Structures are given as C-alpha cells and as structure tokens.
Amino acid sequence: MRSTATEEVSSSSVDMSDPAAQASQPRLPQTQSAGSAGSGNAATGSGSGNSDPARPGLSQQQRASQKKAQVRAFPRAKKLEKLGVFSACKANDTCKCNGWKNPNPPSATRLDLQQQAASLSEPCRSCGHALAEHVSHLENVSEEEINRLLGMVVDVENLFMSVHKEEDTDTKQVYFYLFKLLRKCILQMSQPVVEGSLGTPPFERPNIEQGVLNFVQYKFSHLAPKERQTMFELSKMFLLCLNYWKLETPTQYRQRTQKEDGAPYKVDYTRWLCYCHVPQSNDSLPRYETTQVFGRNLLKSIFTVTRRQLLEKFRVEKDKLLPEKRTLILTHFPKFLSMLEEEIYGENSPIWEADFTMPASDGTQLGHQTVISPAAVSGSPALSKSLSGGSSTVDSGGVEPIPGEKRKLPEALTLEDAKRIRVMGDIPMELVNEVMMTITDPAAMLGPETNLLTPNAARDETARLEERRGIIEFHVIGNSLSQKSNKKILMWLVGLQNVFSHQLPRMPKEYITRLVFDPKHKTLALIKDGRVIGGICFRMFPTQGFTEIVFCAVTSNEQVKGYGTHLMNHLKEYHIKHNILYFLTYADEYAIGYFKKQGFSKDIKVAKSRYLGYIKDYEGATLMECELNPRIPYTELSHIIKRQKEIIKKLIERKQSQIRKVYPGLTCFKEGVRQIPVESIPGIRETGWKPSSKDKSKEVKDPDVLYNTLKNLLAQIKTHPDAWPFMEPVKKSEAPDYYEIIRFPIDLKTMTDRLKNRYYVTKKLFIADLQRIISNCREYNPPDSEYCKCANTLEKFFYFKLKDGGLIDK
Amino acid sequence: MSADTKIAELLTELHQLIKQTQEERSRSEHNLLNIQKTHERMQTENKTSPYYRTKLRGLYTTAKADAEAECSILRHALDKIAEIKSLQEERRIAAKSARVQSDNDPPRKTMRRGVLMTLLQQSAMTLPLWIGKPGESPPPLCGAIPASSDYVAKQGDKVAARVKVVDGDEQWILAEVVSYSHSTNKYEVDDIDEEGKERHTLSRRRIIPLPQWKANPETDPEALFSKDQLVLALYPQTTCFYRALIHTPPHRPQDDYSVLFEDTSYADGYSPPLNVAQRYVVACKENKKK
C-alpha cells in the first residue's frame, strides 16, 4: 500500500509544470526513501497540524543534519553531480537549461546512496550538454564552499517537500518563496537574504525575553530565593517553549479572534516562518529565536491560545514529566501565566518599557541577584526581606525609596522598633538560609490534590491554591464606549450584574446595571469555569487619591471559601500598581464585618474635602476606609507571615537545643491577656535579650517597689463599696452568654492572683487590666444599669488613686 | 486499651489486608489469563469440544472462588475502616461532652466558618459507599432510602432538624443528635453551626436522619432520588436545608446530585443547578409549596 502511494506522489511531481519542481525531480526518489525509512514518521516534521507542539521540527532538523552529513561525505564526483542538478548550463549563452538532469534517473528499486556517480561527460536530459558544462564554475571552488552549497541543496529538497505537504495557503506561499530563494542562491553561489517588506530582525524592542525577565523581577523579587528561583525557571521554560512553539496560521488566527484585519499578524507570522521556524531545520537560512526578535505585539496575538495549548499539553503529559518539574509546572505555571497575561494585555504594564529597571530599593536589588545565584545574598536583614519586597509593585511616586536606607519605616514604628529590626538582622544569613531549606520542602508544596486544609490555614489559603492551579481567575474588566468591547468581557459584565443583584437584594437592579456598565466604573471579576462567581465593582478617583468600593459580592454557593478575602487582596495590589492607596466605601450593616476583616476601619484619614461630592453616599451605611501599604504583597501576605512564623519557630527550636533550661509555658494568654511585656517571660534574659534603656528609665527600677505599690492600690480598690460586682469572675450560670460577648474577662480576684504571680512587671499592665474591668462591664451591661454605675464610680476612684500614687501623670 | 492504640492497631491490620488483596489479585491473574487463552484457542479452532467445555468449567469455578476470596478480603478491609471511623466518632463525642460539661469554663472559640464548611465537605466525601452482595437490596439510610419508622438516631448522628427561628419561621438545619428520650419521644440536638451553644429539643417528626451510606448509581440506581423529585438539600456553603428539585442524579459513586433550589429571586422560581453531595440530600415530606 505504502509503495503505491509513494509512486503516486513522485509521479505527480513529475507532472508539475513549475521549473523548480522539475529541477528537483531527479532527487525525489531519495527524499522519498528517507521519508519511508522513518516508517510513516515523515509527517511529523512536515509542519502540518499534529506534530509535537513543543518541539516541532526537531526530528526534521535531525534528519536534515544527518542528510547533510551524508551528502558532504560523498566523493567529489558525486557532490558535483548533486550540485549540477541545481546549476545552470554554461555550454553557451543561448542554453537556458538551469540544472542538469540525469538521463538515467535512478529508479525506485535502487535507491541506495552508494550508487555510482554520473560521469562528467554524461549529457543532460534536457539540454544535451554534459554534466561538466553545468558544474564548470565549481572547478576551483573550495571544499568548504561546495559543502555550504550542498547544505542548501538538502534544504531546498526539504523545502520542496514542505511546499508539497503544506495545506495552509499562507504557509505554502512562504515555503515556496524560500524554496525559490535558496535555489537562486545555489545558482549564484550567494548568501540567502530574505528580501521584501518584512524588515530585518529584531522586529520589536524590548523583545519577549526581556519583557518576561522584567516580569519575573517585577512580580517575584519579593519572594524567598528558592521560590524566586522557581519563578525564574518557569520563565526560562516558558521562553524555551515559545521558541519551539508552532504559531497558528493567519487563517486560524482570523477565525479565532474574529478580527477582520489579520494583516499585522500575517506579517509577523511570515517573519516568524522565515527567520525563526524554517531556519530551525534549515540552517542555510540565518536563524533567530522567536523570543529575541519579537516583542509584546506578537505575544499579544498568540498568548491566549499558546497558554491554553501549553497548559493542556502539560496536563496530558504530566506523567512524563520529572517529578520535580511536575510540581513546578502543575502548581505554579497556571498562576505564572495568569499573572503574565495581565502584564501582556494590561494597559500600562511597566515590564515593556525600554528602560525598565526596578526601583533601587534594597529588597529588589537583592531579588535580581538571587535570581541568578541564590548564594549571592549576604548581609541583608533577612526577616524584613519578604516584607520590604512589596515595594516592587510601586512604579512611581508613593513611597520613594530613600538611598542608603535599608528599609523605610512606617511612621508608626518608633526608634525602638527600628532597633529591634536591626537586632533581627543580626541572625547570620547562613543560618536563615539553612532554616529556609528546611521549611521549603518541595514535597510539602505538592501535597495531595485536595481542597481540604488544616483548620489553622489562612482564610485565603484555599483561594490562593485554586488560583495557582488555574481553577479560579481574577480579571479587572469594564465597559467602554469608545471601543467595541469584546464579547467575553460583555458576558462577564452581565454575569457580574447578575451576581450583584442576587447577592445585594436591597440594591435596585437597574442601579446595579447602570454602575457595572458605566465606563468609569471597573470591576474585579472572579471567574471559575468561565463563569463569574463574584467581584468587586469600584470607581477610581486618581485626582482625589482614592477609590470607591461600590459593590462587593460572591455568589452564595461559593461563599466561605476565602474568595472575598482574595478578591480584596487582588484589588489592593491592583491599586498599588496604579498608585492609589486609599479605599473608601459605604458599608451596610452586613458588610461591616467583612470590611473589618479586610483591614478597613471606621476611622477615616482621607480629608473630607477629597471625597465629598465624589463618593456615592448611602443613607444608613457606615463610611469605612482602608489605607494600603505599597510594600505589602497583599495576595501573598498571609503566606509570608506563615513562613515567617515557621522560620521563627525553627530558630527558636535551634536556640532551645543549645540552652537546656526548660520553663513551664505561659498561661496568661489562655486567661485572656493580649500582651505581656517581654521581660516578664521566664528565661528570656538567659537567651541574651536585654530590655531597651528607654523603657527602663521610665519604669520604677526596683520590681519590689512596684509590687508593693500595686498591692497597696489593689487592696484599696477591693475595699471600695462599689467594687462588689467585680470581685470574682462572672459565673456562666448567672450570665450564660457573658463569655460569648466578653472575649477578655478579668476581675479583681484574678488580678490579685496575677499580682501574686509577679505578672504585673509594669504599671502599664496593671492599669490595662483595671481599665478592662470597666470596659467589659460597659460592653455587657446597659449604661443605666446598677453595674455600670458601680463601674463609673470605681473608675473615678482608681484613676484618682493612680494619680495620687504617682503612677500616671496629670 | 486507649482509642489511639486501638486505631493504630486497626490501621496495621488494614495495611495487611490491602497487601493481601494485591497478593490475591496476582494469584488469580494466571487463571484469568488461562481463560482468555482458552477462548482464543476455541475461536481459532472454531468448535466447542467437550474437552474445552470441561476445561472452561473448571477454570471458571476457580476464577469465581478467587473473586470471592478477594471480595471477602475487601469487605473485611471495609469493615476495618468502618471500625476505625466509629472509634474516631466515639472519641469525638466524648471530647465534645467533656467540653460541654465543664460549664463554668469560658467556652472555647468556635471554629471559623470556612473550616466548618471544609469539614462538612470532607464528611460528605468520606461517607462510605454501600456495596451489597449480589441480589441484596440497599438497606434503609443508604442514599434515598428512608430510615424505618421506628428508627432512632444515635448520639453523634447528623440529621436535618426542623427548628423555629427568631420570627416564628421554621427552618431545616443541619444538626447533631445529643440524646433521645424514649419516654417523651423527643430528640435533643445541637445546631452544627454553633456547637454546644444552641440545643433544641424536638419531636421525632422534626428530625430526618441523613444517609449513612452513599448509594452506587451503577449498581443501585433505585436507591437514588430521581429527576424532578422534591427533596431537602443542604445549600452549598451553608448549614441549612432548603426545598429543591433533583436536576440530575449522580452517575458515578463519587458524583453529587445536581439540584434546583426553590428560590423566588430567580424568574422561574428556581436557582441554577447546584451540586449537593448524597450525604446532604433527604426526602421532603411536605409537598405544598410555601
């Protein structure tokens, strides 16, 4: 069966009237034999549809170079015969023959390459002149040049096959053009140069490679060295894939994008064929890497489809991947691509700027170095690194990095805090690296494919994982009146409008529709399985320096999965990127809890004049504000904190193994105390910890003096006639819901115990407990109750006593 | 013996059983291959001689015995799993009542809702699949098959409970049985949401026990609710049951029902199809629409 098919192909090629086809005709049987020797694999490298998408042309490339080596090993006579086929007859000026044709074409039965070379006197089947007349120009040509020409001959033959097999018209045309080009070059013994309107590489600057590397720096320089390395490897892999990726044909492109004008893509496609794709297997043509000569425009055209194909391919082939690669690809690649997508299609992504550099802050410099060699990190404050890395998202204004300063401290931090940070930096880098190694176990990262997490996982952990696996996506979208919105965006906007109107039944549907489709409003959409399941609609007021959160909802059956938190974190990062650092919103009674969890407060710092008349005012709703810190990578924050905790835990474990002494654990936190002074922790001094001198000067120096003062004071308070409600812990039998409302119960008996246990090492602690007795009472009881009246008198009394005893000023 | 050591022991036994299963499989492999070869030979020779007939009969008898042996090991393993789970359940109930009894202690913090939801999903996922012997029909509380009329739910069992809510309305909530009084015929149940906080005393008819096995759609489709049947289903990511119509029953053992919840906020009165696990779908007795 196969042999008849072969014959048909070759006979049809004989009939081709094209002179080029005729010229190569004698060579055909050999090409065929090479093809069938590969037993049906011939189609693999043909450039048509079903080849290996990641490495098209690889096998073709191998075959081509094998073939070239074979041909170059021929004796000179045979080489001349081969070149003669592509060389014009020089017998006289009138002979138009452009290639010697063997009068005895080798038949299909004796395909062996060892066959006798034709004699130089053998006449041409077409013009009758001897082979010698065709190859006279090659007489004094060096062996090197002959070999170069022979290489082109092999390439021409392969191109001929490609022209033949290719079904796509655009591609076929290009193949044919290259075929003719190479033939001309053999005739003229010249270097092939692709001419015409294509221009010369590089076609775009910065190129894709630069853009992607910028992206890695821009987005991941805050990560720990190991993870940063991971992202760097992903980017390398992505670039490698692109270089070997087969682009879709202009026809496929037009069908997919529904764009009427596919011309720009066609130009790029032709460039890619001539300079990148064909040269992969055809080394007569100069070869360029796709990612080095093309830039953002090509990536824009191909990213959507390439991303899908890539992920699909990896999914299908996941069993073939090395285990460590598998982790990398399955867990990080989808998220990596989604983030890259934002930068490719985003309007003002900085990664494509010709002079992209990272802000010269400590964390980012570090990032750049460690991507290349993680060992290069040294002498940097280890623990603040992951936090300060957040600055990578600032592109201008906001927080200007101050040269020479290690880390800009938020105003709230005092000098003492600064000192403490430096103390932490004193932990040797090697130790931190060592500890990092123990907590970044790749096996732990992979885990079982389940969405069941431990109860103490962060609220947004599931959502983050799902995003990384590509289960959910986040997109900022909006309607536009000036340009035609794409159909998908419009569908998503409708989806958002549906989610909002179902989840916010008290908002009129028309009102929601108007705002969601208003071009000044944007919405961060949460997409799962191609459908909208939640979103935050917002309006940015860049001139006023804030953004109004308008609607925020997740569809009811997807709630309590951490999506709301993750949405808000994405929105925060989006705004940091766009340099707006305040969120304002009118929250209704059900929303206040959510906004509080997302870092909003009722304490408004933005000046009223800045938002009044801009923000939509709702009756009965509470204005809330959230200030963003551009140094925080919000979507990773809980993860970073978890990591920091792990590191500290490990460091503690190490220290513990060095210091033998064991103290019983602290119990005061269980009793509801929120914080205690560091110096009151037993054994803390042995570890080398020293209280700062500033604290000391303020405090009473002798602990016994303080103890006696407080003991005296407490005794007086306990004998006060209005102290009776606070003498002992509230009994659950008397007030069943007390402990649900009051989170930090305290009473005078407990305070006496604490005093005895030497818990009150500072007056601050003592006063805080007293004050809490009063505030608990006011929280639980109505203001005009007997209890509150007692609390009022008692409060006055003990403040008087405190002042009297010199424990507080005024 | 403490529950921990008992569980550890059972796990060891389970491990052994799994290994045995594999041994059993490898052992019967040879015989199955033999059967296949015999069939091939018969086909090429194109006749069924008495020799082959006897041979095949012998082979099949062996294969059947092998399969039964393997089956009994697997069932044994399933029993072990059930035993482990019941021990864990006992431990959980004991821990819970210990917490509730120490009345004057400040209550422990309740878990975050997201965690509770995860636990509920996990419980649905690990609900055992009922695997009957040939010809055996699924028992009560397997899939859609209701409990018998005199059934009394055990302590710790999860149920749908109809409770009164603030404004006189009634709602079906997911609850856990605390006790049953035979004298008053009333259950004491805890709202799953606010563990130990809200205890309800309810009559039998306000309680629907949840299924204790999943029904296998491939072998026992009759033990599943069918399309358009009215049920009570746990609304995803909540702890309340609402009336719903079955949209599609599960096709495979691990599949969920797809249901349409009654929801007046949608034009046609029903929500879009949502997935609910077999564990959280029970029959709805009242037929009148509210």
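Which residue in β10(B) is the bridge partner of V231(B)? In this predicted model, the bridge partner of V231(B) in β10(B) is A283(B), and the legends below begin with the strand to which V231(B) belongs.

**View 1. Strand β6(B) pairs with β7(B) and with β10(B).** Five bridges connect β6(B) with β7(B), the two strands running antiparallel, and within this pairing L234(B) has F241(B) of β7(B) as its bridge partner. The pairing of β6(B) with strand β10 of chain B, residues 281-283, is also in the antiparallel sense and extends over three bridges, including the one that joins V231(B) to A283(B).

**View 2. Both faces of β6(B) are covered.** On one side of the strand lie L230(B), L232(B) and L234(B), and on the other V231(B) and A233(B), all of them buried. Because five of the five residues of β6(B) are buried, the strand is largely enclosed by the rest of the structure.

**View 3. Q237(B) sits in the turn of the hairpin formed by β6(B) and β7(B).** Five residues separate the two strands of this hairpin, and Q237(B) lies in the loop between β6 (230-234) and β7 (240-248) of chain B. Although Q237(B) is not a glycine, its phi is positive, at about 65°. For context, most residues other than glycine have a negative phi. Q237(B) is buried, with a relative accessible area of 11%.

**View 4. The loop between α8 and α9 of chain A holds M189(A), P202(A) and P206(A).** The helices that flank this loop are α8 (169-188) and α9 (208-220) of chain A. M189(A), a residue other than glycine, has a positive phi near 50°, and with a relative accessible area of 29% it is partly exposed. Two peptide bonds that end at prolines of the loop deserve attention in a close-up: the bond from P201(A) to P202(A) is cis, with omega near -5°, and the bond from R205(A) to P206(A) is likewise cis, with omega near -10°. As a general reference, most peptide bonds are trans.

**View 5. The largest nonpolar core has 85 residues.** The residues with the most contacts inside this core are L178(A), F238(A), L299(A), F333(A) and F336(A). Helix α7 of chain A, residues 143-165, supplies the largest share, 11 residues, while at least three residues come from each of domain 1 (57-102 + 120-188) and domain 2 (208-345) of chain A. When residues up to four places away in sequence are not counted, L178(A) touches L159(A), V194(A), C274(A), V278(A) and L285(A). Apart from this core lies another one, of 59 residues, which includes F500(A), F551(A), M568(A) and I615(A). In soluble globular proteins, nonpolar side chains tend to be buried together.

**View 6. Confidence varies along chain A, from helix α16 to strand β3.** The average pLDDT of chain A is 76, and 78% of the residues score at least 70. Confidence is lowest in helix α16 (residues 362-372), with a mean of 33, and highest in strand β3 (residues 531-541), at 96. Over residues 108-113 of chain A the pLDDT stays under 50, and the model has nine contacts for this stretch beyond four places in sequence. Residues 442-452 of chain A also have a pLDDT below 50, with 14 contacts in the model beyond near neighbours in sequence. Where pLDDT is low, the predicted coordinates should not be read in detail.

Technical notes
Residues are numbered from 1 along each chain as its sequence is written. Chains are lettered from A and ligands numbered from 1 in the order in which they are written. This is a predicted model: local features need pLDDT of at least 70, side-chain atom pairs count only at pLDDT 80 or more; totals for chains, interfaces and linings use all residues. Side-chain values use heavy atoms; hydrogens and water are left out. A nonpolar core is a set of buried Ala, Val, Leu, Ile, Met, Phe, Trp, Tyr and Cys residues joined through side-chain atoms within 4.5 Å. Buried means under 20% relative accessible area, exposed over 50%, partly exposed in between (1.4 Å probe, protein chains only). Helices (H or I, at least four residues) and strands (E, at least two) are DSSP runs, numbered from the N terminus. Domain bounds come from an automatic or database domain assignment. Contact means heavy atoms within 4.5 Å. Two strands pair if DSSP finds at least two bridges between them. pLDDT is the predictor's confidence in each residue, from 0 to 100.
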